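Reader: Hi! I'm new to looking at protein structures. Could you walk me through this one?

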Amino acid sequence: MLELRNLTVGYAREPVLRDFSLILPDGGFTALIGPNGCGKSTLLRTACGLLQPSEGQVLLDGEPLPSLAHRAVARKLAFLPQSRPVPDLTARRLVLHGRFPYLGYPRRYSKADYAAADAALAAVGAQALAERDLQALSGGERQKVFLAMALAQDAPTILLDEPTTYLDIDRQFEVMRLLAELRAQGKTVVAVLHDLSLAFHFADRVVLLRAGAIEADGTPDAVANSGALARAFRVAAHRIEVPGFGAQYVFYPLERSL
C-alpha cells in the first residue's frame with residue numbers, strides 16, 4: 001500500500017500540494033485527472049521519492065519511504081515520468097535497465113533478465129524495435145519502449161505520468177488495455193491522464209485534483225455525477241453504453257457561467 005500523509009510539497013518554496021493525503025491500496029487502477037498545474041505530476045514524483053516534502057510523509061507498505069534502500073523501493077515501485085532524456089542505446093538495452101534492482105554482483109544480466117526484457121517489449125507491441133537505436137525512433141515508439149522498461153522492473157505498484165503521450169488513438173487503447181490487464185493481475189496502477197474518456201472508461205477509481213487539493217475521489221460514475229468536473233474543467237459528462245465496449249462518457253463544455 002502507498003500512502004501520502006499530510007504532504008506539503010512544491011518548488012522554490014512555493015507549495016503545490018498542501019496538507020495533502022491520499023491512500024492507494026494494493027490493487028486497482030487509479031486515474032489522476034485535473035487542470036494543468038494542479039499537482040498531478042508533483043504527486044507522482046513525491047510518491048516515488050524524487051521530490052521531498054517539506055511536511056508530511058510517504059509510506060510504502062507502512063514504512064517511511066526515505067528509510068528504505070533505493071533497491072528495495074525499486075522492487076516495489078516503478079515510475080514512468082512524462083518526459084525523460086533519450087539515451088544513445090538500443091531499445092532492448094534500455095528496457096534491461098528496468099532489471100537493475102535485481103542485479104547482484106557483478107552486475108551482469110542473466111538469462112532471466114533478458115527474458116523479462118523481451119517479454120516486456122512484447123507486452124507493449126515493441127518487440128520489432130528491440131535492436132533499434134532509441135534516438136532513431138518516433139515519439140510513440142519511444143513511449144512504448146519506456147513503458148516496457150517500467151514493466152520489466154516487475155514492481156507491484158506502477159506510477160505513470162501521461163503514458164499515452166505521443167501515441168496514436170489505436171495505440172492509446174492498447175496501452176490502456178495493458179494497464180487494465182496489469183490491474184487484473186493484481187498490480188496497483190496509478191496514471192496521470194489528460195484524456196478524460198480514457199480515464200473514465202479504464203480506471204476503477206478517479207481522483208480529480210484542483211489547485212493542489214482533491215476535488216473529487218471515487219468511481220468514475222460517482223465523480224462524473226458529483227459536479228466536480230464542472231468546477232474543475234467547466235464541462236459536463238454524459239454516460240452512454242457502446243455495444244462491445246461498455247460504458248463510455250462523452251464530455252461537453254458548459255455554456256453558462258459557474
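Author: Happy to! Keep in mind that this is a predicted model. Let's begin with a pocket: the second largest one has a volume of about 160 Å³.

Reader: Cool, which residues lie nearest the centre of that second largest pocket?

Author: Those are Leu 151, Ala 152, Asp 154, Leu 182 and Lys 187, out of 13 lining residues.

Reader: And which helix gives the largest share of that lining?

Author: Helix 4 does, with four residues. Helix 4 (111-123), helix 5 and helix 6 (169-184) each supply at least two residues of the lining.

Reader: How many nonpolar, polar and charged residues are in the lining of the second largest pocket?

Author: Nine are nonpolar, one is polar and three are charged.

Reader: OK, now the largest pocket. How much space lies in there?

Author: About 730 Å³. Its lining has 31 residues, and Cys 48, Leu 50, His 70, Val 73 and Leu 77 lie nearest the centre.

Reader: Which helices and strands supply at least two residues of that lining each?

Author: Two strands and two helices can be named here: strand 4 (55-60), strand 6 (77-80), helix 2 (70-76) and helix 5 (139-152). As for classes, the lining of the largest pocket divides into 20 nonpolar, nine polar and two charged residues.

Reader: Switching topic: how many helices and strands does the whole chain have?

Author: The protein chain has nine helices and twelve strands. With 258 residues, the chain is as compact as a globular protein of that length, because its radius of gyration of 19 Å is close to the 18 Å given by the globule rule.

Reader: What does the C-alpha trace span along its principal axes?

Author: About 60 × 45 × 30 Å.

Reader: And what percentage of the residues count as buried?

Author: That would be 46% of the 258 residues. The chain exposes about 12,600 Å², with carbon and sulfur atoms supplying 51% of that area.

Reader: What about contacts between residues far along the sequence?

Author: Take contacts between residues at least 6 apart in sequence: 62% of them join residues at least 24 apart.

Reader: Last one: why is helix 1 described as largely enclosed?

Author: Helix 1 covers residues 40-47, and six of its eight residues are buried, so the rest of the structure largely encloses this helix. The buried ones are Lys 40, Thr 42, Leu 43, Leu 44, Thr 46 and Ala 47.

Reader: Which residue with a positive phi follows helix 1?

Author: Gly 49, and its phi is near 95 degrees.

Note on methods: Residues numbered from 1 in each chain as written. Predicted model: local features only at pLDDT ≥ 70, side-chain atom pairs only at ≥ 80, totals over all residues. Heavy atoms only, no water. 1 Å grid on protein atoms, 1.4 Å probe; cavity = no way out; pocket = protein on both sides within 12 Å on 5 of 7 lines; lining within 4 Å. Points joined across faces, edges and corners; volume = space filled by probe spheres on them. Nonpolar A, V, L, I, M, F, W, Y, C, P; charged D, E, K, R; others polar. Rg over C-alpha atoms; globule rule 2.2 N^0.38 Å. Buried < 20%, exposed > 50% of the residue type's maximum accessible area, 1.4 Å probe, protein only. Contact = heavy atoms within 4.5 Å. Areas by Shrake-Rupley, 256 points an atom, 1.4 Å probe, with all protein chains shown as cover.
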